[in-house]
Amino acid sequence: MHGMKTRSVILKILMPLVLGAGILYWMYRGEDWQTILHVMTDEMDWTWMLLSFPFGILAQMFRGWRWRQTLEPVLDGNAVRLRTSVLIHSIFLSYAASLVIPRVGEFTRCGVLKRYDGVSFPKALGTVVTERAIDSLLVMGITAIVLLLEMSTFGMFFRKTGTNLHGILHSFSWAGYLVVAICAVAILILLHFLLRKLSIYDKVRATLRGIWQGVISLKDVRNIPLFVFFTLAIWVSYFLHYYLTFYCFDFTADLGLGCALVTFIVGSIAVIVPTPNGAGPWHFAVKTMLILYGVADEKALYFVLIVHTVQTLLVVALGIYAWLALNFTKVRGG
């Protein structure tokens, strides 16, 4: 029994890594890495990349500030124990941890809060569930709006190129179909594991009770306008963190806000597939949409590889900073 559990854990860790690596290998097989290095050193405007960094940091900080709001109603008057620095550091660390094991970040930040400020792990986890639900609804709303606004762009593309849906499907390579199929299977497997876990947690009433208290905490948030502001600020910051990178390259600088919104949303949906920081599915989805907007296949590949790699390194740097900061933070939990 113990052996089966160990194999299950190993599978859940290895599968996302193998999936992401497989997609990246398929996309970049045969590429000239010297050319990619040349683009980074001689053709890319790093000023815009550096200007995008504050927004990547702000997005995570806003998430920490918002988390405080969802935690306060479930702490029975003990919210004063929450330290903003611990909340923000836990967010930084959670994103870095998810690079190693996808989706482990949610548990990491709750564990940090439990250790340093003594916050109930189940209650904290429940508020994370609340946040994820709110973010999902917001992304769905933005997706609907962006699709409506950009419908004319898609129509213009089809008219100019004479392309139709049948033509796209016909020209799609077998490898492309395979990648999409693998992503779909990965999502189904993830849902399977989540359902199995929920059936196990069902036996632990105290844990479920804590999670439920977290889920319903939203109705007790004291300052709803501030919560809405933080939620919007998170996603505006994420978008600017991504959008400013368009100006790093001459082949994306003139694509416009509409293209940035479409590729941002498609990329946000693609990271649902459990790979480290969306590696693989994000590259595939964003590259495909950039090609739709007229970017050459090879240049689209350069864009997604460079942008994703640099932004992932920022996540790593913030995680290391948070880990060091927490080592100098007084422990109040127990």
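Which residues does Leu113 touch, not counting residues up to four places away in sequence? In this predicted model, the neighbours of Leu113 are Trp67, Leu71, Leu82, Val86, Leu87, Gly118 and Val119. Leu113 also belongs to the largest nonpolar core, which has 64 residues. Together with Trp67, Leu71, Phe246, Phe249, Leu290 and Phe303, Leu113 is among the residues that touch the most other members of this core. Helix α13 gives the most to the core, contributing 12 residues.

The overall architecture comes next. The protein has 13 helices and 0 strands, so its pattern along the sequence is written with α elements, from α1 to α13. Of the 334 residues, 45% are buried. Among contacts with a separation of 6 or more, 77% are between residues 24 or more positions apart. The accessible surface comes to about 17,500 Å², and carbon and sulfur atoms account for 71% of that area.

Helix α11 offers a simple check on geometry. With 15 residues (256-270) at 1.5 Å a residue, helix α11 should span 21 Å, and its end C-alpha atoms are indeed 21 Å apart. Many positions in α11 are listed as buried, including Gly258, Cys259, Val262, Phe264, Ile265 and Ala270.

Two individual residues show contacts between parts of the chain. Thr231, in helix α10 (residues 224-243), has a relative accessible area of 6% and is therefore buried. Beyond its sequence neighbours up to four places away, Thr231 touches Arg66, Ile134, Asp135 and Leu138. Trp46 is found in helix α3 (residues 46-71) and counts as partly exposed, because its relative accessibility is 32%. Trp46 and Cys248 are 202 residues apart in sequence, yet their C-alpha atoms are 6.2 Å apart in space. Again leaving aside residues up to four places away in sequence, Trp46 touches Met40 and Val310.

Charged pairs add another layer to the picture, with 9 salt bridges in the structure. One of them joins Glu72 to Arg222, with the closest N and O atoms 3.2 Å apart. Glu72 sits in the loop between α3 and α4 and Arg222 in the loop between α9 and α10, so this pair ties together parts that are 150 residues apart in sequence. The two partners differ in burial: Glu72 is buried at 19% relative accessible area, whereas Arg222 is exposed at 64%.

A second salt bridge pairs Asp117 with Arg83, the closest N and O atoms being 2.8 Å apart. Asp117 lies in helix α5 (residues 105-117) and Arg83 in the loop between α3 and α4, and the pair links parts of the chain 34 residues apart. Both of these residues, Asp117 and Arg83, are buried.

Helix α5 also takes part in a third salt bridge, between Glu106 and Arg132. The N to O distance for Glu106 and Arg132 is 3.2 Å. Because Arg132 belongs to helix α6 (residues 121-161), the pair ties together parts that are 26 residues apart in sequence. Glu106 is buried, with a relative accessible area of 14%, while Arg132 is partly exposed at 33%. Elsewhere, salt bridges with shared partners join Arg63, Arg66, Arg109, Glu131 and Asp135 into one network.

The surface, finally, carries a nonpolar patch formed by Val316, Ile320, Trp323 and Leu324, with about 380 Å² of accessible area together. Ile320 is in helix α13 (residues 297-327) and is partly exposed, with a relative accessible area of 48%.

Definitions and conventions
Residues numbered from 1 in each chain as written. Predicted model: local features only at pLDDT ≥ 70, side-chain atom pairs only at ≥ 80, totals over all residues. Heavy atoms only, no water. Patch = residues over 30% accessible without salt bridge, like charges linked within 9 Å, V, L, I, M, F, W, Y side chains within 5 Å. Areas by Shrake-Rupley, 256 points an atom, 1.4 Å probe, with all protein chains shown as cover. Salt bridge = Lys/Arg side-chain N within 4 Å of Asp/Glu carboxyl O. Helix = DSSP H or I, 4+ residues; strand = E, 2+ residues; numbered from the N terminus. Buried < 20%, exposed > 50% of the residue type's maximum accessible area, 1.4 Å probe, protein only. Expected span 1.5 Å × (residues − 1). Contact = heavy atoms within 4.5 Å. Core = buried A, V, L, I, M, F, W, Y, C linked by side-chain atoms within 4.5 Å.
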